[in-house]
Amino acid sequence: METLNAAELLAALGHESRLSIFRLLVEAGPEGVHASSIGEQLGMAPATLSFHLAHLSRVGLIRGQKESRFIRYTAEFPTMDELIVFLTSNCCQGEACLPKASACSTAAQGRNLKTDTHTCKEP
């Protein structure tokens, strides 16, 4: 991942509403959530929600899939994984220094991004 791309992703997540949306979608897993449900759960007006969903989609952190009259949004787990790898590559000169991150399953441990539950265990 290029530094400019990582900066773009981090900037998108640097807004409280967009971070809340992204975390909700990460928690939902591969099934995703309809836009109306996201708005209800986060208490966002439709226009505001649409603006933030468009921004997250534009940078590649989420994806929308039209289902009849609705749009189901899912987190782009490969993009999230790439960002995490970018942030932690060569961390602490190869020493294990991130116990909470190490407790999460990662692509390096061979997880299937389509079916994993993305849970972390406290160290």
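Here is a short chat about the fold, the sheet, the core and one helix pair of this predicted model.

Me: Before we start, how are residues numbered, and what does the model leave out?
Reply: Residues are numbered from 1 along each chain as its sequence is written, and side-chain values use heavy atoms, with hydrogens and water left out. Because this is a predicted model, local features need pLDDT of at least 70 and side-chain atom pairs count only at pLDDT 80 or more, while totals for chains, interfaces and linings use all residues.

Me: In what order do the elements of the protein chain run from the N terminus on?
Reply: Happy to lay that out: helices (H or I, at least four residues) and strands (E, at least two) are DSSP runs, numbered from the N terminus. The protein chain has 6 helices and 3 strands. From the N terminus on, their order is α-α-β-α-α-β-β-α-α.

Me: What is the strand order of the open sheet?
Reply: Two strands pair if DSSP finds at least two bridges between them. S1 and S3 are joined by 2 bridges and run antiparallel, while 6 bridges join S2 to S3, also antiparallel. The edge strands, each pairing on one side only, are S1 (33–34) and S2 (62–67). The order of the open sheet is therefore S1-S3-S2.

Me: Which residue of S3 stands opposite His 34?
Reply: A good one to find in the structure, as S3 has a residue that is the bridge partner of Gln 65 in S2. That bridge partner is Arg 72. The residue opposite His 34 is likewise Arg 72.

Me: Which residue in the turn of the S2 and S3 hairpin has a positive phi?
Reply: S2 and S3 form a hairpin with 2 residues between them. In the turn, a positive phi of about 60° belongs to Ser 68.

Me: Is Thr 74 buried or exposed?
Reply: Thr 74 is found in strand S3. Leaving out residues up to four places away in sequence, Thr 74 touches (contact means heavy atoms within 4.5 Å) residues including Leu 25, Gly 29, Leu 61 and Ile 62. Buried means under 20% relative accessible area, exposed over 50% and partly exposed in between, with a 1.4 Å probe and protein chains only. At 8% relative accessibility, Thr 74 therefore counts as buried.

Me: Which helix gives the most to the largest nonpolar core?
Reply: A nonpolar core is a set of buried Ala, Val, Leu, Ile, Met, Phe, Trp, Tyr and Cys residues joined through side-chain atoms within 4.5 Å. This one holds 24 residues, and Ile 21, Phe 22, Leu 25, Ile 38, Leu 53 and Leu 61 touch the most other members. Among the elements that give two or more residues are H2 (16–28), H4 (46–59) and S3 (70–75). With 5 residues, the helix that gives the most is H2.

Me: How do H2 and H4 lie to each other, parallel or perpendicular?
Reply: Their axes, lines fitted to C-alpha atoms over the stretch in contact, are 10 Å apart and meet at about 70°, on a scale from 0 to 180 degrees between N-to-C directions. The contact includes Ser 17, Ile 21 and Phe 22 of H2 and Leu 49, His 52 and Leu 53 of H4. Angles under 35 degrees count as roughly parallel, over 145 as roughly antiparallel, 65 to 115 as roughly perpendicular and the rest as oblique. H2 and H4 are therefore roughly perpendicular.
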